[in-house]
Amino acid sequence: MREVYITNTLSRQKELFKPITPGMVGLYVCGPTVYGDAHLGHARPAITYDVLVKLFKNLGYKVRYVRNITDVGHLEHDADEGEDKIAKKARLEQLEPMEVVQEYTERYHEAMRALNVAPPSIEPRASGHIIEQMGIIRKIIDAGYAYESNGSIYFDVEKYNKDHHYGILSGRNLEETKEGTRDLDGQSDKRAPFDFALWKKASPEHIMHWPSEWSEGFPGWHLECSAMSEKYLGREFDIHGGGMDLMFPHHECEIAQNVASRGTGGVHYWMHNNMITINGKKMGKSLGNFITLSELFSGNNDVLAQAYSPMTIRFFILQAHYRSTLDFSNEALQAAEKGLAKMLTAAKDLKSLQAKAAASENSEVQQIYEKCYEALCDDLNTPVALSHIFDAVRIINSVKADQMQISSEDLALLVKLFDEVLGGILGIVDESAQGSKSATVLEGLMDIVLKERQEAKAARNWAKSDEIRDQLKALGITIKDGKEGTEWSL
Ligand code: ZN
C-alpha cells in the first residue's frame with residue numbers, strides 16, 4: 001500500500017498516516033446545518049473529503065466516512081446564544097422544524113450529487129442522538145468539568161484548562177481566548193464568557209426541546225460531533241475533517257468534551273480545509289456576495305457573469321490545495337471552464353488514438369502516472385496532480401496531431417490515468433457525456449433549477465421565472481408547464 005501523508009492541524013506538521021486498524025480508515029467530517037440552500041462554503045469541504053475518501057479506497061483501504069447533519073442546537077450567536085437557526089427558519093416560514101430539515105437536507109444532497117460528491121457511509125442527525133449527548137454530559141459532570149446553572153449545563157473551561165490544555169488545536173492559551181470573548185451581559189447563566197453550553201434550558205418560545213434530568217431543553221452545538229463520532233467510529237478514530245472556521249471554538253470544544261468524558265481527545269489526525277473568498281472578500285449574507293450552489297449552476301446571481309457547471313466548480317476547487325484560500329471570481333471560473341474543457345476533450349480523443357511506437361522503459365507517461373499518485377499521497381496535493389494530467393493532455397494532443405508516436409503500453413496507461421485518477425479519485429467526469437451517471441447528474445441539476453423557477457413563480461417574480469426558461473432554452477432545454485408540474489426535454 002502506498003504511504004499517505006497528511007498535515008495534522010494538531011501537530012502543525014505533515015505526518016505519515018498510520019491507521020488505528022491496518023487497512024481501515026475512520027473519517028468524521030462536520031456536515032451542514034440545514035436551514036438554507038447549500039452554498040459555496042459547503043462545496044469545498046464536501047469535495048476535499050470526497051477526494052480523500054476516493055484516494056484511500058483506490059489505495060485499497062476500507063473507509064467508514066461519517067458526515068453529520070446538524071438539525072438542532074446550532075444557535076445564531078457564537079453558536080451558543082440566540083435563536084436556533086433551524087427553529088428560526090421554521091418560525092419565519094411557518095413550518096415544522098423537521099420540514100425545514102428535510103427540505104434543505106434534500107437540497108444539499110441534490111447539490112452534492114451534481115458536484116459528483118459520493119454520499120458518506122453514515123449520515124447521522126444530531127436530533128437522533130439526544131440520548132448519547134445526554135450520556136456525555138453526565139460523564140463530564142461526574143468528572144467535575146461542568147456545572148449546572150438555572151437548568152442549563154456549561155463546560156467549565158477554566159477548571160479543564162488547569163488539568164489539560166484548552167486551545168491545543170488552535171494553538172491558543174486561555175489568556176488569549178479570554179481577550180477574544182465578549183464580557184457576559186449579566187443575563188447569562190455562565191460563570192465565564194468562554195464557557196460553552198452542553199445543555200440549554202429551553203425558553204417558553206423555543207420549539208425544539210427534550211426532557212432531561214436538568215431541564216426541558218436541548219444540547220449545545222459542539223456536543224453532537226463528540227457523540228456521533230464516538231458512536232460510529234469509536235473512542236479513538238483516525239481523521240476528523242472540517243472547514244478552518246470550525247477549528248475554534250467548535251473543534252476545540254469537541255476535544256475538551258472528549259477528554260473530559262472519555263479520557264482522550266479521540267482524534268489522531270485533524271484536517272482543515274481553508275476558506276473560500278469571493279472577489280477577495282469573505283462570503284457573507286450581510287456583504288451581499290452570498291452565492292448558493294443552485295445559483296452558481298443556473299447563473300442567477302448578480303455576482304455571476306454566467307452559469308457554471310458543477311464540474312467546473314469541482315475542477316476549480318481542486319485546482320487549489322485544500323489548505324490554501326481560494327478566491328472565486330468570474331475570470332477565475334471562466335479559466336477553469338476552459339481548462340476543464342481541454343482536459344475532457346483530450347480524454348475523449350484518447351479513445352481514438354493508435355499505438356505505433358515500441359514500448360520504452362520509464363516513459364514520460366509512466367512518470368506522469370507515478371507523479372500523480374505521489375502528489376495525491378502528499379497531503380492531497382490536487383493542483384499538482386492536475387498539472388501532471390495536463391502534461392498527459394499535451395502528449396495526447398501531440399499524438400493526435402501526428403507529432404509523436406505512442407506505444408500500446410503507454411496508451412493503456414493513459415487510459416488508466418484518466419479513468420482511475422482523473423475520474424475515479426479526483427471525480428472529474430464529462431457531464432455532457434451520454435450514460436446513466438451523467439443522466440442522473442442532469443436530472444438532479446434540472447430538479448434544482450426547476451425548483452428555483454417554481455419559487456420565483458410562487459413569489460410572482462415572473463421576470464426571473466421567464467429568465468430561467470429563456471436561459472434553459474438557450475442551452476437547448478425546453479420546459480413545459482402542466483398540471484402535473486414542469487416537464488423538460490433536451
Ligand atoms: Zn462538528
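**Entry 1: Asp 379**

I began with Asp 379, which sits in the loop between α12 (364-377) and α13 (382-400). I kept in mind that I was looking at a predicted model. The phi of Asp 379 is near 55°, a positive value in a residue that is not glycine. I noted this because most residues other than glycine have a negative phi. Is Asp 379 buried or exposed? Its relative accessible area is 4%, so Asp 379 is buried, the cut-off being under 20%.

**Entry 2: Asp 402**

Next I looked up another aspartate. Asp 402 lies in the loop between α13 and α14 (408-425). Asp 402 also has a positive phi, about 60°, although it is not a glycine. Its surroundings gave me another answer: Asp 402 counts as exposed because its relative accessibility is 61%, and exposed means over 50%.

**Entry 3: two glycines**

I then picked Gly 167, whose place is in the loop between α5 (157-163) and α6 (174-180). How accessible is Gly 167? Its relative accessible area is 0%, so I wrote it down as buried. Setting aside neighbours within four places in sequence, I found Gly 167 in contact with Arg 172 and Glu 252. I also checked a distance: the C-alpha atoms of Gly 167 and Arg 107 are separated by 35 Å, and these residues are 60 apart along the chain.

Gly 82 was my other glycine, and I found it in strand β6 (residues 81-84). Gly 82 counts as partly exposed, because its relative accessibility is 43%. With neighbours within four places left out, Gly 82 is in contact with Leu 75, Glu 76 and His 77.

**Entry 4: the zinc ion**

Which protein residues are the donors of the zinc ion? I found Cys 30 (SG), Cys 225 (SG) and His 250 (NE2), lying 2.1 to 2.2 Å from the zinc ion. Their spacing in sequence reads C-x194-C-x24-H. Cys 30 and His 250 link distant parts of the chain, being 220 residues apart. I located Cys 30 in the loop between β3 (24-29) and α1 (40-58), while His 250 belongs to helix α8 (residues 247-262). Both Cys 30 and His 250 are buried.

**Entry 5: beside the zinc donors**

I stayed with helix α8 a little longer, since Pro 249 is found there too. A cis peptide bond joins Phe 248 and Pro 249, with omega at about 5°. I marked it for a second look because most peptide bonds are trans.

Then I turned to helix α7 (residues 223-233). How many of its 11 residues are buried? I counted 8, so helix α7 is mostly covered. The donor Cys 225 is one of these buried residues, and others among them are Leu 223, Glu 224, Met 228 and Leu 233. Just after α7 comes Gly 234, which takes a positive phi of about 105°.

**Entry 6: cavities**

I searched for enclosed space and found 3 cavities of 30 Å³ or more. The largest cavity has a volume of about 60 Å³. Its lining includes Ile 278, Asn 279, Phe 328 and Leu 333. I sorted the lining residues of the largest cavity into 6 nonpolar, 3 polar and no charged.

The second largest cavity holds about 50 Å³ of space. Which elements give two or more residues to its lining? They are α1 and α10 (310-318). Arg 44, Thr 48, Ile 317 and Leu 318 are among the lining residues of the second largest cavity, as are Tyr 322 and Leu 380. Here I sorted the lining into 5 nonpolar, 2 polar and 1 charged.

**Entry 7: domains**

Last, I stepped back to the whole chain. The domain assignment gives domain 1 (5-273), domain 2 (278-431) and domain 3 (435-489). How far apart are the centres of domain 1 and domain 2? Taken over C-alpha atoms, 33 Å separate them. I also looked at where these two domains meet, and 29 residues of domain 1 are in contact with 36 residues of domain 2.

Note on methods. Residues numbered from 1 in each chain as written. Predicted model: local features only at pLDDT ≥ 70, side-chain atom pairs only at ≥ 80, totals over all residues. Heavy atoms only, no water. Donors = N, O, S within 2.8 Å, 3.2 Å for Na, K, Ca; no water. Helix = DSSP H or I, 4+ residues; strand = E, 2+ residues; numbered from the N terminus. Buried < 20%, exposed > 50% of the residue type's maximum accessible area, 1.4 Å probe, protein only. 1 Å grid on protein atoms, 1.4 Å probe; cavity = no way out; pocket = protein on both sides within 12 Å on 5 of 7 lines; lining within 4 Å. Points joined across faces, edges and corners; volume = space filled by probe spheres on them. Nonpolar A, V, L, I, M, F, W, Y, C, P; charged D, E, K, R; others polar. Domains from an automatic or database assignment. Contact = heavy atoms within 4.5 Å.
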